[in-house]
Amino acid sequence: MAIANFLTASDITSAINACKAKDSFNPSVFFKTIGLSKKTPAEIETVFKILDQDKSGYIEQDELQLFLQNFSKGARPLTAAETRAFLMEGDSDGDGKIGWDVMAFSGILSDADITAALAACQAADSFNHKSFFAKVGLAGKSKEDIAKAFGIIDQDKSGFIEEDELKVLFLPRLFLQNFSASARALTDTETKAFLKAGDTDGDGKIGVDAPESFCYKRFFQLCGLSSKTPKEIQDVFHILDDDDSGYFEESELKCVKQCCRECMWFLCTSCSDSSREREH
């Protein structure tokens, strides 16, 4: 299988021409120019396997020296300085080889952000999904970029991230290893906390599209409605019932989360009032 099956000839030519001069090769620029950022996770993984000539699961230094020739037979070898720089950028654990994660998130996440996010959760039970995604740079990405990153992590292509994809050892990659091949496994506590935060309907899976995974029962429970009196719940209903018809119509349901901002003010206020009453 040839790389030309996945990358366009014009992108390959542009990328090769941009680094014709010795010591002008930059891996991040090369991957972006060659069009990897427009490819699916499956296509990126296939390209990586083509580059991994000895099928070790990594690209080693000897493979890096002839890296450009995988894309064009007439391309020059990388210089010693370029090879070292390539290794330094992609070799997160200093073992002299590069895992597929370097290519997988090309055009989505920066190497510096990935390194910082992984460094912040090296200790067992220190992983926090919100902090990790913020540090790794996903918080500011487009819906398309997030979907692409999700597709890399979703190894069985089920459309969901299940518990085994977060920490089970027999899979090709653990969750953190999607970002760096040398990263540790999540602990049981971290895995359960991650699932609890992302699993909105209790099916043991995390979906990519949060709006589609909205679960009204869990939403109202988290809002605090389960601890309110019938009168307080009726007051919340009247706030949500925008046209005062006594029912929720489809148009009102589509805006329920926006309306709940007003409800949250009511819930917080009533909670404070109830607390004060109990104190007296």
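1. In which helix is aspartate 11 found? In this predicted model, aspartate 11 is found in helix H1, the helix that covers residues 9–17. With a relative accessibility of 16%, aspartate 11 counts as buried, because the cut-off for that word is a relative accessible area under 20%.

2. Once residues up to four places away in sequence are set aside, aspartate 11 touches Thr33, Ile34, Gly35 and Lys38.

3. Aspartate 11 belongs to the set of buried residues in helix H1, which also holds Ile12, Ala15 and Ile16. When the helix is viewed down its axis, the buried residues of H1 fall within an arc of 130°, so they line one face of the helix. The cover over these buried residues includes helix H2, residues 27–33.

4. A second aspartate is worth reading alongside this one. Aspartate 156 lies in a loop, with helix H9 (143–153) on one side and strand E3 (160–162) on the other. Its relative accessible area is 43%, and aspartate 156 is therefore partly exposed, since that term applies between the 20% limit for buried and the 50% limit for exposed.

5. Apart from neighbours within four places in sequence, aspartate 156 is in contact with Glu162 and Glu165. According to the unreviewed UniProt entry, the feature "binding site" is placed at several positions, among them Asp154, Asp156, Ser158, Phe160 and Glu165. Aspartate 156 and its contact Glu165 are thus both listed in that record, which also includes Asp199, Asp201, Asp203 and Lys205.

Notes:
Residues are numbered from 1 along each chain as its sequence is written. This is a predicted model: local features need pLDDT of at least 70, side-chain atom pairs count only at pLDDT 80 or more; totals for chains, interfaces and linings use all residues. Side-chain values use heavy atoms; hydrogens and water are left out. UniProt positions are given in the numbering used here, feature names are shortened, and annotations may be inferred rather than shown by experiment. Helices (H or I, at least four residues) and strands (E, at least two) are DSSP runs, numbered from the N terminus. Buried means under 20% relative accessible area, exposed over 50%, partly exposed in between (1.4 Å probe, protein chains only). Contact means heavy atoms within 4.5 Å. The arc is that of the directions from the helix axis to the C-beta atoms.
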